[in-house]
Amino acid sequence: MGPLLSARVILLFSLRQRGFTVLELLVVVLIISIVLFSSWYGMAGFFVQGQLASTKKQLLSALSYARQYAVLHHRAVLFCGSGGDEASGCDGRWSKGWQLMSGNEITKTWRVRDPDVRIVWRGSFGRRDSLVFDSLGYPSGSHGRFELGLSGYPGSQQVILSPSGVVR
């Protein structure tokens, strides 16, 4: 055997010694899958909080609009939960959408962007389907809070309507 052939044999022998066993590969795959699963579970919480924050922002905007509309037009308005379209009327389904009514006329309709968010109105006088802003922007006989949450996930967010009509 010449020096070139013996170098090839040594090179092939050293490459075989550097390979991974099946057991080592299974352990690596197991570790990677555990890390991915735990990061996915943690990311789900961020997605839930994002959904709640987006819906909360939308509800805050709609309530502010309703209050400003009452003050600017010097008349009482009704803000109510609806199915998200004009045909459904004020049916108390806050999780689907909202309507603003001035007299018998529907002024504006909002549709909830995320259908998975559950919204519940907890008013001070037990009325759960609507609230009224008077011509000065005060909630007429009803202040309270909206609770926003997702089924199956811990944690919720709130939108509070104060007796003075300020929403936060």
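Reader: Why is Cys80 called buried?

Author: Buried means under 20% relative accessible area, exposed means over 50%, and partly exposed lies in between, with a 1.4 Å probe and protein chains only. Cys80 has 0% relative accessibility, so Cys80 counts as buried. This is a predicted model, in which local features need pLDDT of at least 70 and side-chain atom pairs count only at pLDDT 80 or more, while totals for chains, interfaces and linings use all residues. Residues are numbered from 1 along each chain as its sequence is written, and side-chain values use heavy atoms, with hydrogens and water left out.

Reader: What makes Cys90 partly exposed?

Author: The relative accessible area of Cys90 is 30%. That value falls in the range between buried and exposed, so Cys90 is called partly exposed.

Reader: How do you know that a disulfide joins Cys80 to Cys90?

Author: A disulfide is a pair of cysteine sulfur atoms within 2.5 Å. The S to S distance of Cys80 and Cys90 is 1.9 Å, so the pair meets the rule. By this rule the count comes to one disulfide. Cys80 lies in strand 1 and Cys90 in the loop between strand 1 and strand 2, ten residues apart. The link of Cys80 and Cys90 is left-handed, with -60° about the S-S bond.

Reader: What makes strand 1 and strand 5 a pair?

Author: Strands (E, at least two residues) and helices (H or I, at least four) are DSSP runs, numbered from the N terminus. Two strands pair if DSSP finds at least two bridges between them. Four bridges join strand 1 to strand 5, so these antiparallel strands pair. In strand 5, Ser130 is the bridge partner of Cys80, and Val132 is that of Leu78. On strand 2, Cys80 stands opposite Gln99, and five bridges join strand 1 and strand 2 in the antiparallel sense.

Reader: Why is strand 1 described as mostly covered?

Author: Five of the six residues of strand 1 are buried.

Reader: Which strands are the edges of the sheet with the order 3-2-1-5, and why are they called edge strands?

Author: That open sheet of four strands is antiparallel. Strand 3 (105–111) and strand 5 are called edge strands because each pairs on one side only.

Reader: What other strand order is there, and how many bridges join strand 6 to strand 7?

Author: Three strands form an open antiparallel sheet in the order 4-6-7. Its edge strands are strand 4 and strand 7. Six bridges join strand 6 to strand 7, so the two strands count as paired. Gly149 stands opposite Ser156 in strand 7.

Reader: What makes a set of residues a nonpolar core?

Author: A nonpolar core is a set of buried Ala, Val, Leu, Ile, Met, Phe, Trp, Tyr and Cys residues joined through side-chain atoms within 4.5 Å. The largest one here has 26 residues, of which Phe79, Trp98, Phe133 and Phe146 touch the most other members. Helix 2 gives the largest share of this core, eight residues.

Reader: Which residues is Phe146 in contact with, beyond its neighbours within four places in sequence?

Author: Contact means heavy atoms within 4.5 Å. Among the contacts of Phe146 are Leu59, Leu63, Trp94, Ile119 and Val159.

Reader: Where is the confidence lowest and where is it highest?

Author: pLDDT is the predictor's confidence in each residue, from 0 to 100. In the protein chain, confidence is lowest in helix 1 (residues 3–17), with a mean of 58, and highest in strand 2, at 94. The mean pLDDT of the protein chain is 85.
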